[in-house]
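Here are some comments on the backbone and the cysteines, set out point by point for reading beside the coordinates.

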Amino acid sequence: MEKMKQELLKKFEEVFGDSKGAGVYFAPGRVNLIGEHTDYNGGHVFPCALTLGTYGAARKREDNKIHFYSMNLDSFGIVEASLDDLTNKKEYNWANYPLGVVWAFKEKGHTITSGFDMVIWGNIPNGSGLSSSASVEVLTGFILRDFFGFDVTNQDLALIGQYSENKFNGVNCGIMDQFAIAMGKAGHAIFLDTATLK
C-alpha cells in the first residue's frame, strides 16, 4: 500500500503540478461466490471483497472544475468536467463513472461546494467480472464523504453508486457489487438478501 501511495502521489504531482494536500484512498473489487445475476431480481448473493481494487489520490479545488486522470488509461489524459454541467458525455469515457457519483450525491440532496482533482490506478483486470466500475464508484463516494463531511454510511455509498450506474450510466446493475465493495471486511464473505439489504 505504501509503495502504491508514493506512486500515486508522484503521478498526481506530475499531472497537477504538486501533491500538497492530496489524500490517498482505496476501494476493493469483489468476487461473487454464488448467486450470479440474482441481485437485480431481489435474490440472495454471497460475495466478498478482494485485495485487488482501485487506488485514488484526490484533492479539493477552489473552483467548480473536476479533473479525472487514470494511470490505466493514460491515452485519455486529463478528463475535465464541471459541477455546473453534470451530464454523461461520450468523450468523458471511463470518467462518466466517477462523475456519475458526483451527480448522484447532488440528486440525493448533498451539496458539493467545489471541484476536485483525482488520479486513479486499479489492478482489477478490465472485463474480468470483478467490478472495476463499482470499485471506482465507491472510491469516489469515499472521497466525496471525506472532502465534504457528508453524513452517509458505507451502505448509503453503495446505494449512491448503484443509483449513479443505473441512472447516469444507464447500466441496469443490482446492488451486489457496490454493497460488497463498500461493506466488505477482510476474511469475510457477505450473505446478502438484495431485496431487503439484510
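1. A residue is called buried here when its relative accessible area is under 20%, exposed when that area is over 50%, and partly exposed in between. The model is a predicted one, and Leu197, at 19% relative accessibility, counts as buried because the cut-off is under 20%.

2. Leu197 also deserves a look for its backbone, since its phi is positive, at about 65 degrees, although the residue is not a glycine. Leu197 is found in the segment after strand S7 (192-193). As background, most residues other than glycine have a negative phi.

3. Asn93 likewise is not a glycine and has a positive phi, of about 50 degrees. Asn93 sits in the loop that lies between strand S5 (79-82) and helix H2 (96-107), and its relative accessible area of 36% makes it partly exposed.

4. On the cysteines, how many disulfides does the model contain? The count comes to zero when a disulfide is taken as a pair of cysteine sulfur atoms within 2.5 Å. Cys48 is in no disulfide, and the nearest cysteine sulfur to it, that of Cys173, is 18 Å away.

5. Why is Cys173 not bonded to Cys48? The closest cysteine sulfur to that of Cys173 is the one in Cys48, and because the two are 18 Å apart, they are too far from each other for a bond. As for accessibility, Cys48 is buried, with a relative accessible area of 16%, and Cys173 counts as buried at 14%.

Terms used:
Residues numbered from 1 in each chain as written. Predicted model: local features only at pLDDT ≥ 70, side-chain atom pairs only at ≥ 80, totals over all residues. Heavy atoms only, no water. Helix = DSSP H or I, 4+ residues; strand = E, 2+ residues; numbered from the N terminus. Buried < 20%, exposed > 50% of the residue type's maximum accessible area, 1.4 Å probe, protein only.
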